[in-house]
Amino acid sequence: MTEPGKDSSISAVDLAEAEGMAIEPITQWDLFSTRLRRHRLAMVAAVFLGFLIILVTVAPAMQSAGWIDDAAKSLVDGDGRILRNIPPRGSDGTVFYTEIVDGEKVAIQASSTALIFGSDDLGRSVFSRVIFGGRASLIVGVVVGLIVALLGTLIGSLAGFYPGGVDQSLMRFTDLVLGLPLLPVAIVVGRILPEIDFLPSWLKAGPLGIALLIGFLAWGGLARIVRAEFLSLREKEFVEAARAAGAGDRRIVFRHILPNAMSPIIVQTTLIIGAAIIIEAALSFLGFGVRPPTPTWGAMVAQGGRMAVRGFWWEMIFSGFALVSTVLAINFLGDGLRDALDPTQTIERK
Amino acid sequence: MTEKLLKIEDLRTYFSTEEGVVRAVDGISFDLEPGERRGVVGESGSGKSVTAMSIMRLIEPPAGEIVTGTIEFKGENLLELGEDEMQAIRGGKIAMIFQDPMTALNPVYTIGDQLVETIMLHQHVSKKDARGIAIKALEDVQIPNAPARLEDYPHQFSGGMRQRVMIAMGLSCNPDLLIADEPTTALDVTTQAQIMDLMLKLAEDRGTAVLLITHDLGVVAGFCDTIQVMYAGGIVEEGSVEDIFHNPQHPYTWGLLGSMTRLDGKHRARLHSIAGAPPSVIDLPVGCRFRPRCEFAIDICGRVLPAIRPIGEGDQSVACHRAEELDLKTLDVDVDHTKEVAS
Amino acid sequence: MLAYITRRLVYGLVTLLALSVIVFTLLQASGGGPLDRLKLNPRMQPFIQQLTEQWGLDQPVWKQYTTWLKNYVSVQEFAVHNAIPIIAIVGAAVATFLIVKFVRSQWTGTYLLGIWSVALYLALRNVTIRFNWGISFQGAGDVWDLVFSRTGATFRLGFTALAIALIIGIPLGIYQAIRQYSFFDQLGTIGAFLAFSTPIFIIGVGLQIVMALYLERWTGVKLFYVAGMNSPGYPDMSIVGKIADTAQHLTLPAISIALISLAGYARFQRASMLEVLHSDYLRTAKAKGLPRRKVVIKHALRNAMIPIVTLVSLDVAFMIGGAIITESIFGWPGVGRLYITAIGTVDYPVVMAIVMVIGIGIVVMNLVADILYGVMDPRVRYD
């Protein structure tokens with residue numbers, strides 16, 4: 001019930017030390033990590049996401065090592081028939097398939113992972129495709145996160161720090177971008193992207209092009225938040241004090257204002273990453289996102305849905321589950337970060 | 001002796017938090033005569049507001065709970081009343097006004113709506129009559145152009161004016177007891193004085209008893225008949241304003257008085273401050289709760305919690321083992337003791 | 001107030017212009033253009049030249065854009081059937097003048113909004129108006145007619161979904177706030193996180209497969225239809241049959257749209273309710289002796305509903321855009337599905353028309369949201 005005034009806590013420490021109690025200082029990082037660890041779901045989410053990032057990063061290496069199958073190749077049985085729509089089975093599966101090794105057909109027993117999630121209508125391993133599909137989602141998440149964090153922070157802080165003309169014109173521009181209907185515009189761009197002749201091929205059909213597209217449409221919300229933070233922080237006494245001490249604009253922005261505005265930036269960016277992954281999946285679901293043969297979860301749900309109608313449920317279930325759990329993890333992490341970074345929360349010494 | 005208006009015995013209100021049980025009010029007892037104006041003084045967290053909220057029975061379970069005690073109001077134990085009966089008392093017999101007038105009024109209803117609502121709740125009158133009473137109440141608190149201002153929203157009033165509206169709302173049903181929780185803390189000094197004068201006049205005219213919760217001893221001096229000083233959930237000293245101000249018996253009261261700015265020129269030298277911070281009400285120290293900050297503490301203070309007991313000829317009571325041997329009023333409060341204790 | 005509305009409308013117009021330039025340019029950038037399909041057909045060869053000239057496809061892009069813009073805002077057909085539209089508009093204008101001039105009340109915004117909604121509705125019911133939005137490149141006819149033949153279906157779906165989301169979401173949020181940290185509250189929180197994290201197409205396809213297909217396969221009862229808005233035999237059904245048929249088609253797509261908004265409303269309502277419940281003025285209301293029910297209903301709800309109004313207005317604004325995915329999944333004959341079809345075939349008069357309708361909807365509903373906010377919260381001032 002004591003008021004968390006600065007003076008009283010200092011004298012409390014003094015008193016405690018006078019009475020011979022040892023007091024260890026609590027740093028900002030300690031506070032942050034303690035609070036984040038208290039948020040169990042966020043911790044589980046962080047571990048899950050870390051695991052996922054490692055998995056999709058090493059996926060090509062795993063493929064060359066033969067641990068998982070080629071996501072683009074059909075599995076074929078000993079007689080050369082494509083193994084279409086095989087239901088999931090464990091390592092005791094009796095299915096054999098062949099691979100062309102040095103021009104020779106070699107019969108191979110299904111690896112333990114080949115059919116763990118079954119095969120799709122082209123006989124490709126759903127397990128491999130779910131892992132490789134994660135690459136598209138995570139690339140979109142990371143790239144959109146970077147673009148939004150950079151653009152949103154840059155534009156928001158410029159608008160918030162330089163009132164008047166700069167602020168007015170930047171915020172009009174932000175309002176304009178926010179006024180664009182995201183999904184309809186993204187669908188148009190996604191549709192025509194592969195047909196624009198002068199674009200390099202990696203932009204046309206891959207996840208990077210989609211990521212850039214979403215990123216450039218989605219920074220407006222963060223810019224507004226950062227501007228509001230800057231507007232209020234600019235008037236705070238500690239900024240006045242820094243200015244009185246002769247600090248320049250650069251120092252004030254980078255040393256005094258930006259660090260205090262970090263928590264909304266981090267939280268908002270996390271939430272946008274989740275939304276971006278959903279939008280990419282939706283575009284791919286509609287066929288206007290990442291183009292085949294690159295596997296994506298959105299396209300797999302679309303195809304899996306068509307298969308599920310015929311009773312082959314596994315492609316949709318596994319790809320859908322991967323998508324939902326990834327976005328869920330990101331949202332839980334965002335929630336945990338929000339709690340952990342909130343400076344108004346207090347933490348009691350135990 | 002007349003019947004007591006309010007008689008509180010051994011009231012304990014605890015809150016359970018993540019960190020442990022907060023003993024916000026821990027065994028306090030006091031009485032209030034009809035028409036008596038009593039100041040409740042103490043630092044933040046000493047349990048003043050929780051006492052008030054307990055009387056109003058506005059402590060929200062499950063976090064907060066009145067563990068034991070009785071609150072007798074006009075011979076009736078409020079803690080045994082049903083919720084319906086309690087609602088009739090709240091705002092009707094006991095009214096309360098709060099610290100921050102800027103946020104205590106609902107922003108989306110007009111002042112008139114909120115006043116009329118209160119009046120119609122406790123007096124069985126028509127809406128038209130209630131409006132008349134509301135206008136009268138606003139005029140009583142000296143709000144100019146009262147009929148027109150009924151139609152205004154809270155944000156159209158200044159802070160002082162809003163506190164007048166709160167007082168009007170509190171007094172509109174002629175309560176026997178008005179609890180004012182730091183009514184002037186959020187206001188500037190000139191407005192403070194005006195509001196306190198107004199409250200004094202209205203309370204005297206109507207014979208309303210007032211429980212004034214504040215940390216400002218200056219406000220108490222001009223307004224109250226009696227004072228109780230609270231520290232860490234308990235009452236450490238109580239008595240008439242004269243006794244407490246001229247003859248403090250508890251080192252904490254003495255320290256509080258020493259920290260006052262004096263305008264009579266007697267003690268100009270240096271303001272006194274009490275070293276350290278109030279104890280956490282979760283881990284209360286064994287023995288006297290003020291001991292860690294008390295410069296007169298001796299062995300017994302660390303072992304036994306002093307009970308409150310009468311002292312001297314008047315109505316003064318104190319909870320200090322050494323009250324008789326210490327003659328605090330002869331000590332020069334201007335000496336800066338803080339360093340010796342802190343280092 | 002009027003100055004504020006005017007300024008907002010001007011900004012909205014700028015946004016709409018930017019939107020049209022961006023989308024128009026993008027459509028132009030798509031390689032072969034809209035005639036690609038026709039070119040594949042040998043018998044269409046003689047007409048290619050003629051169509052190109054007719055639609056101005058050989059002109060520079062800016063020229064095509066200005067032609068499109070001029071046509072888009074020009075009225076092709078306008079007929080007033082009776083005196084009602086004139087009376088309604090003039091009446092509304094007079095009423096606006098009188099209200100703005102003489103009534104200085106918090107409710108001005110509501111009055112104006114109400115009066116103009118009724119006046120415009122009456123006016124539009126009694127006129128025929130068509131803008132020159134061009135003709136579909138894929139032979140689907142006049143774009144104005146094409147788009148407005150689809151809006152009914154989209155609004156039926158959108159408003160049903162909105163009603164479901166509001167009726168369940170708002171009380172859910174209130175209940176969660178009042179019983180904060182209860183088991184039910186935590187269940188609701190987890191449910192909301194799940195709904196936020198599940199893309200609408202997974203909900204849609206999932207409902208379609210489980211509730212429509214597998215349910216029938218397992219139980220033999222056809223409770224919901226997989227796709228479409230009505231069965232082919234609809235016109236011959238009885239009233240009860242018609243209602244049942246409509247519900248059987250509408251339920252699944254409406255739920256899949258509603259679920260995410262529902263979670264959003266519940267979250268938002270819970271947060272704003274909690275804020276209000278901890279406010280000083282609610283303590284005042286309790287200290288006045290108001291019964292708990294009245295404290296919650298009269299003092300808390302009114303304040304806690306304020307932010308929700310904005311959220312709901314914006315949801316109405318995004319109704320057409322938000323239905324795109326669901327309409328494609330459930331074969332719902334609305335504007336969203338038309339949009340996907342038109343994009344697939346680069347039928348750009350149709351794409352442009354729909355993008356602009358979506359944009360206009362957002363501009364108008366943003367304004368409506370602001371006005372409603374001012375109505376709900378007396379502290380808001382427009383300047």
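# A walk through three chains

Let's start where two chains meet: 18 residues of chain C are in contact with 21 residues of chain B, contact being C-beta atoms, placed from the backbone, that lie within 7 Å. This is a predicted model, in which local features need pLDDT of at least 70 and side-chain atom pairs count only at pLDDT 80 or more, while totals for chains, interfaces and linings use all residues. Residues are numbered from 1 along each chain as its sequence is written, and chains are lettered from A, with ligands numbered from 1, in the order in which they are written.

Back to that meeting point. On the side of chain C that touches chain B, α11 (280-287) and α12 (292-304) of chain C each supply at least two residues. Helices and strands here are DSSP runs (H or I with at least four residues for helices, E with at least two for strands), numbered from the N terminus. The largest share of this side, 7 residues, comes from α11(C). Sorted by class, the side of chain C that touches chain B has 6 nonpolar, 5 polar and 7 charged residues. For the classes, Ala, Val, Leu, Ile, Met, Phe, Trp, Tyr, Cys and Pro count as nonpolar, Asp, Glu, Lys and Arg as charged, and the others, Gly among them, as polar.

Now turn chain C towards chain A. This contact takes 34 residues from chain C and 34 residues from chain A. On the chain C side, the elements that give two or more residues are α1 (2-29), α8 (183-197), α9 (200-219), α14 (319-329), α15 (335-344) and α16 of chain C. Of these, α1(C) gives the most, with 9 residues. And the make-up? The side of chain C that touches chain A has 26 nonpolar, 8 polar and no charged residues.

For a single residue to look at, try Gly179(A), which lies in helix α5 (residues 165-179) of chain A. Leaving aside residues up to four places away in sequence, Gly179(A) touches Thr15(C) and Ile362(C). Gly179(A) is partly exposed, with 19 other C-beta atoms within 10 Å; 20 or more would make a residue buried, 12 or fewer exposed, and anything in between partly exposed, with C-beta atoms placed from the backbone. Chain A itself has 13 helices and 2 strands, and buried residues make up 41% of its 350 residues. Among the contacts in chain A with a separation of 6 or more, 70% come from residues 24 or more positions apart.

Inside chain C, helix α6 (residues 108-125) and helix α16 (residues 348-376) pack at an angle of about 140°, with their axes 8 Å apart. Axes are lines fitted to C-alpha atoms, for helices over the stretch in contact, and angles run from 0 to 180 degrees between N-to-C directions. α6(C) and α16(C) are therefore oblique to each other: under 35 degrees counts as roughly parallel, over 145 as roughly antiparallel, 65 to 115 as roughly perpendicular, and the rest as oblique. Gly109(C), Thr110(C) and Leu113(C) of α6(C) meet Val368(C), Ile371(C), Gly374(C) and Val375(C) of α16(C). That gives 4 nonpolar, 3 polar and no charged residues.

Chain C also has a strand pair. β1(C) and strand β2 (residues 127-131) of chain C pair in the antiparallel sense over 5 bridges, where pairing calls for at least two bridges found by DSSP between the strands. In β2(C), Val127(C) is the bridge partner of Val80(C). Strand β1 (residues 75-80) of chain C has 6 residues and the number buried is 0, so it lies largely in the open.

Chain B brings an open sheet of 4 strands, in the order β2-β1-β4-β5 with antiparallel pairing. Its edges are β2 and β5 (76-77) of chain B, each with a single partner strand, so one side of each is left without a neighbour in the sheet. Strand β1 (residues 6-17) of chain B pairs with β2(B) over 10 bridges, and Thr17(B) has Gly20(B) in β2(B) as its bridge partner. Helix α1 (residues 48-55) of chain B lies across β1, β2 and β4 (64-73) of chain B, running at about 70° to β2(B).

Finally, the domain assignment, which is automatic or from a database, gives chain B domain 1 (6-215) and domain 2 (230-342). Their C-alpha centres lie 29 Å apart. The contact takes 19 residues from domain 1 of chain B and 11 residues from domain 2 of chain B. The largest share of the domain 1 side, 10 residues, comes from β2(B).
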